[in-house]
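Visitor: Could you pick one part of this structure and walk me through it slowly? I'd like to know what sits around it and how it is connected.

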Amino acid sequence: MADTVLKAAIVDLGSNSLRLLLGTYDGETWHNEPKRLWTTRLGKRAADGQLTEESMERSLAALTEIKTLIENYGATRVVGVATSAVREAANGKEFMAKATAGCPMEPNVITGEEEAALGFAGAISSFPGDDRHFGLIDIGGGSTEIALGTKDGAYWNRSYPIGAVRLKDRSDEGPQEVWQETRPWFDPLPIEGPFGEFIAVGGTATTLAAMHLKMTEYNPGLIQGHQLTRAVIEGMILELRYMSAEERLQVPGLPATRADIIVAGAEILTSFMDWHEIPHVIVSERDGMEGMQQRLVK
């Protein structure tokens, strides 16, 4: 792309929440506003697998607010990115038609593998550009993506239908349920060179980091690069599992909108770490939204 100013909006239509990233590209660098989030539980589907009327209505209402913010920002490019909730539902196309009618945007219903690649591209941009190989885990509401790659991009991607919203009820059944559900899914990791770090992105990871830092006000700058060990995550799971809903609302760093699914998400993370003997992860605020920004200016 030529060295021209681009004002863009990325709208992430996820299973747990809708997110908005507004940014201006000056020809060399993106200058971003803080991400905004609306928890709509779009991925909480009906028994027949379709998106429910309630979840679609919540999401369309959020998109009305998002449209206003985009217009006020003056974005000339608006890109929508829909993930597992929309791509798996029989009425996903119907919802996207309504979504783009209410909030005009370029609709992209991406595959799980593409989701993993975008997440890796966004996360790796904040790490040193050396020859090390990195891994990514992105625990969403409806799916979990894994990627391996270098500064040049991902060379191996996988997407699994296991997410914090999807496994919430299974997690509520007992402390070993998520472990049993997830273990059959994980593939061996074909790392092709000297390894650096495993990066964790998504709401589960950033919330765990905020809780570990005991944040009373969310600070993306402190989240970025924060290390979470396997032992620390397990300690938080043990405390949270036996808290009442009211007690969870008092935990610093834990939003009320994620309090009911944080244990399921954390258990997916520890199951993955145990399976691959990963002692710690590095949390990144940068994810697939920044990955899509990079795609816009290539």
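Guide: Let's begin with a hairpin: E1 and E2 form one, with 3 residues between them. Keep in mind that this is a predicted model. E1 covers residues 6-13, and its pairing with E2 is antiparallel, over 8 bridges. To pick out one of the contacts, look at Lys-7, whose bridge partner in E2 is Thr-24.

Now stay on E2, which spans residues 17-25, and follow it to its other partners. E2 also makes a hairpin with E3, this time with 4 residues between the two strands. In that turn you'll find Gly-27, which has a positive phi of about 105 degrees. E3 takes in residues 30-32 and runs antiparallel to E2, joined by 3 bridges. Try finding Tyr-25 here: its bridge partner in E3 is Trp-30.

Then there's E4, residues 36-39, again antiparallel to E2 and joined to it by 4 bridges. Go to Ser-17 and you'll see its bridge partner in E4, Thr-39.

So how covered is E2, with these strands as partners? Of its 9 residues, 9 are buried. Here's a handy bit of background: side chains in a regular strand alternate between the two faces of the sheet. For E2, one side holds Ser-17, Arg-19, Leu-21, Gly-23 and Tyr-25, and these are all buried. The other side has Leu-18, Leu-20, Leu-22 and Thr-24, which are buried as well. In other words, both faces of E2 are covered.

Key:
Residues are numbered from 1 along each chain as its sequence is written. This is a predicted model: local features need pLDDT of at least 70, side-chain atom pairs count only at pLDDT 80 or more; totals for chains, interfaces and linings use all residues. Side-chain values use heavy atoms; hydrogens and water are left out. Buried means under 20% relative accessible area, exposed over 50%, partly exposed in between (1.4 Å probe, protein chains only). Two strands pair if DSSP finds at least two bridges between them.
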